[in-house]
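Q: How should one read salt bridges, burial and a pocket lining from a set of coordinates? Please take the features in turn.

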Amino acid sequence: MDLPLLITGGYDHTLRYWNAHLGQCFRTIPYNDSHINCLEVTPDKTQVLCAGNPLMKLFDLSSASNTAVSTMDGHTSNVTSVGFEKTGRWFFSSSEDSSVKIWDCRGTGYQLSLDNESTSTATMATTASAPVPVHGAALHANQAEVLLGDQEGRVQVWDLSANRIRQVLAPDKAVAIKTVALSADGRLAAAANHKGTLFVWRYLPDTLDPMQKIDAHSAYVLRIRFCPQSQYLITTSADSSACLWRYHVDGFAKETSLIGHIRWVWGGIFSSDSAYVVTCSSDTTAKLWEVKTGQTAIDYTGHTKAVTAVALVDVPDGGSGPDAPPVQQHNIS
């Protein structure tokens with residue numbers, strides 16, 4: 001597998017592999033089951049997990065076959081986020097079917113499932129247990145807790161060992177939380193909502209300590225992500241922009257707005273050294289940006305409909321994250 005490798009997917013029912021340095025698509029894999037909502041590369045950088053509606057499929061990045069090596073069937077609606085445990089033994093998924101599930105990569109079916117139910121007084125007055133769609137989830141660095149955000153405006157911490165919700169927050173009352181993220185060092189949590197507001201907390205052993213509330217975008221935020229070193233955060237929005245936020249002593253401040261997409265920006269992912277970030281959009285393109293300048297370096301064109309998911313492999317196994325060993329020649333551009 002040649003690096004750097006960019007992987008994109010979206011509403012044209014294709015999974016595309018790109019030479020990220022040259023901006024060239026060298027392989028297209030049909031994904032006929034549905035559109036693609038999210039992509040996540042395994043920790044050993046050998047496979048990519050594609051999540052749609054409602055199936056998830058795992059593809060071998062070095063295989064010449066267009067057939068998935070495994071298919072996970074357990075959700076009944078759109079899968080909204082996925083992520084792997086650090087050794088790749090298991091992964092989590094969240095869904096609009098109101099559940100978050102834990103899957104063993106060595107087995108079939110899910111091993112643990114959280115049913116996300118309403119705690120709204122108005123809702124509970126009419127039904128005993130109303131399901132609430134989960135729009136995003138993230139695994140903490142301790143590998144034992146999952147942060148989730150839902151349609152009812154809640155941010156919750158799921159303790160996997162005890163299989164219970166240990167904290168529930170409603171940062172903007174009932175305004176739907178669209179996405180959540182956790183820093184790689186485990187110190188920070190973030191969420192963003194339907195109004196474009198970004199919330200940041202200090203992730204303490206027993207609580208989420210409020211840190212910031214930021215009016216980040218003029219429309220709802222679709223995805224947020226921390227960079228591997230945790231000093232940058234990207235927000236992508238339905239207002240056709242993405243914003244980079246940099247951590248300072250008092251919290252995050254806007255570093256720059258990434259202006260260039262002309263429709264919704266669905267997501268973004270940083271390079272392993274945090275020098276670059278790739279975004280994807282409903283305008284059918286993905287773009288590579290220089291974090292330092294906020295300028296576009298490469299356009300990836302070829303999809304025929306919205307590009308809604310992106311993943312990046314720019315270093316070999318073991319070469320990403322805050323504790324990664326130094327790797328030479330891993331910059332994208």
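Q: Is Asp 104 buried, partly exposed or exposed?
A: Burial is read from relative accessible area, where partly exposed lies between the cut-offs of 20% and 50%. In this predicted model, Asp 104 has 23% relative accessibility and therefore counts as partly exposed. Asp 104 forms a salt bridge with Arg 106, with the closest N and O atoms 3.2 Å apart. Arg 106, at 65%, counts as exposed.

Q: Which parts of the chain does the salt bridge between Lys 195 and Asp 172 link?
A: A salt bridge is judged by the distance from a side-chain nitrogen of Lys or Arg to a carboxyl oxygen of Asp or Glu, within 4 Å. For Lys 195 and Asp 172 the closest N and O atoms are 3.1 Å apart. The pair links distant parts of the chain, 23 residues apart: Lys 195 is in the loop between strands E17 and E18, and Asp 172 in the loop between strands E15 and E16. Lys 195 is partly exposed at 47%, whereas Asp 172 is buried at 14%.

Q: How many salt bridges does a search of the whole structure find?
A: The search finds twelve. Among the residues involved, Asp 150, Glu 152 and Arg 154 are linked in a network.

Q: What does the side chain of Ser 81 reach?
A: Ser 81 lies in strand E8 and counts as buried because its relative accessibility is 6%, under the 20% cut-off. Its side chain reaches the backbone nitrogen of Ala 137 at 3.0 Å, and a polar contact of 2.5 Å joins the side chains of Ser 81 and Ser 94.

Notes: Residues numbered from 1 in each chain as written. Predicted model: local features only at pLDDT ≥ 70, side-chain atom pairs only at ≥ 80, totals over all residues. Heavy atoms only, no water. Helix = DSSP H or I, 4+ residues; strand = E, 2+ residues; numbered from the N terminus. Buried < 20%, exposed > 50% of the residue type's maximum accessible area, 1.4 Å probe, protein only. Polar contact = N/O pair within 3.5 Å; in protein donor to acceptor, adjacent residues only side chain to side chain.
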